[in-house]
Protein chains: 2
Amino acid sequence: MNNITDIHYGPLPADSPYVKPFRFHYTQNGKQKSWDLLKVHDSVSIVIFNVTRKKLVFVKQFRPAVYHGIISSDGVQPGSIDMVKYPPELAVTMELCAGIIDKPISTIEIAREEILEECGYDIPVERIEEIIRYRSGVGTSGAEQTLFYAEVTDADKIATAGGGVDDEMIDVVEYDLEEARKLTAKGTVISSPPSFLFGLLWFLCNRAPKS
Amino acid sequence: MNNITDIHYGPLPADSPYVKPFRFHYTQNGKQKSWDLLKVHDSVSIVIFNVTRKKLVFVKQFRPAVYHGIISSDGVQPGSIDMVKYPPELAVTMELCAGIIDKPISTIEIAREEILEECGYDIPVERIEEIIRYRSGVGTSGAEQTLFYAEVTDADKIATAGGGVDDEMIDVVEYDLEEARKLTAKGTVISSPPSFLFGLLWFLCNRAPKS
């Protein structure tokens, strides 16, 4: 999945459907202020636990934003990337199954679709539990993300499904509880977002079966 | 702190120091792809526990990005905001003490400064503990955030400090353990980022004194 070549940057097109930046002006307690931000879609993410095999189900994918975050912090320009020093694997993230809310169906329906499309489990919404809503990217986008929890079984798995749709290239991975617990331990350096860490720790504290 | 008026939007200036959007082009497994993203600063955040009074120390502030996220999801245009229906308090977030890495000092030194500037506690770096590093905004920015933990006492408090620097308007709030625990419970809807929820839950699982 990670044969990445020919990295280069270009200007943001004015009609980008994904990133719409602008400047927000306001007055706070009589003082004129402004903040540069962008509109991104609200989203869902789902902690998935396969109860048949007692495994958590996560997704891994190459994230261009993370790759750029890594090389730009080191001052590396796109035309001169040492692909041995900066292999694309550095920017393969581990995340919860997730998706943006980009059509007029309910949040939980979006969650149901993502569980099927990304991870291959076909379950009804009645088996998906809403946990908590929060704001991601409070400094730049402020979009709402809803965290869900779902238990699946091997019988729910559609053999031909998973891995994303269109040209998404998503790997599904499974972690047992002990491996997963280590990901939240002191000293961890992980290419995962904080929503992954929170969802995982929430599961471990509230839903993980006692061994 | 939340007398907010005169909200309007303008274009993003080409020289914005905060939001630098562009298009990232690459080839993955022979398929040409692109991703729209932006460079944002790496950052730190700190879970602060006042051991004198057994209280967690958080910060609250008006976040333009969250306000925009709320009204734009409802299709409200900036020229016609009903400030009774959408009071600015909706976009006052609760967060960990945090800050961007915008100068050439160590990450832990940045954390030390933020603890003083935002929350008013003056402690040496030896009392700040690095917990975990992760990537925020994996879809749009991919910046690294380092989570720290610090225990403070009332004796560390500088009476005149806290609340941010320059024209930051930051309120410091304290939560006891029982109040804090409720923030991570099922059914919560909170104007906080997932890094707050993870840091809080990590503390509750790993450092909170047993009652």
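## Two helices crossing

Helix α4 of chain A passes helix α4 of chain B in a left-handed crossing. This is a predicted model. In each chain, α4 covers residues 194-206. The two helix axes come within 8 Å and cross at roughly 35°.

Which residues of α4(A) meet α4(B)? They are A:Pro194, A:Ser195, A:Leu197, A:Phe198, A:Leu201, A:Trp202 and A:Cys205. Facing them in α4(B) are B:Pro194, B:Ser195, B:Leu197, B:Phe198, B:Leu201, B:Trp202 and B:Cys205. By class, this contact has 12 nonpolar and two polar residues. Charged residues are absent from the contact.

## How the copies are related

Two copies of a chain are related by a rotation about an axis and a shift along it. Here a turn of 180° lays chain B on chain A, with an RMSD of 0.0 Å. The shift along the axis is 0.0 Å. The two copies are thus related as by a two-fold rotation axis.

Which residue of chain B comes closest to that rotation axis? It is B:Phe198, whose C-alpha lies at 2.2 Å. B:Phe198 is also one of the α4(B) residues that meet α4(A).

The interface itself fits this picture. Of the interface residues of chain B, 100% are also interface residues in chain A, so the copies meet through the same surface.

## A sheet built from both chains

Strands from the two chains also join in one sheet. This open sheet has three strands, in the order β1(A)-β2(B)-β3(B), and the pairing is antiparallel. Its edge strands are β1 of chain A, residues 4-11, and β3 of chain B, residues 31-39. Each edge strand pairs on one side only. From one strand to the next, the twist averages 25°.

Where do the chains join within the sheet? β1(A) pairs with β2 of chain B, residues 20-28, in the antiparallel sense. Six bridges link these two strands. At one position, A:Gly10 has B:Arg23 in β2(B) as its bridge partner.

A helix lies across these strands. Helix α1 of chain A, residues 64-73, lies across β1 of chain A and across β2 and β3 of chain B. Its direction is about 60° to β3(B).

## Chain A as a whole

Chain A has four helices and 11 strands. Along the principal axes, its C-alpha atoms fill a box of roughly 55 × 50 × 40 Å. Chain A has 211 residues, and buried residues make up 54% of them.

How do contacts in chain A spread along the sequence? Take contacts between residues at least 6 apart in sequence: 66% of them join residues at least 24 apart.

Definitions and conventions: Residues numbered from 1 in each chain as written. Chains lettered and ligands numbered in written order. Predicted model: local features only at pLDDT ≥ 70, side-chain atom pairs only at ≥ 80, totals over all residues. Heavy atoms only, no water. Pairing = 2+ DSSP bridges. Axes fitted to C-alpha atoms, helices over the stretch in contact; angles between N-to-C directions. Contact = heavy atoms within 4.5 Å. Least-squares fit on C-alpha atoms with pLDDT ≥ 70 in both. Left-handed = near helix turned anticlockwise from the far one by under 90°. Nonpolar A, V, L, I, M, F, W, Y, C, P; charged D, E, K, R; others polar. Buried < 20%, exposed > 50% of the residue type's maximum accessible area, 1.4 Å probe, protein only.
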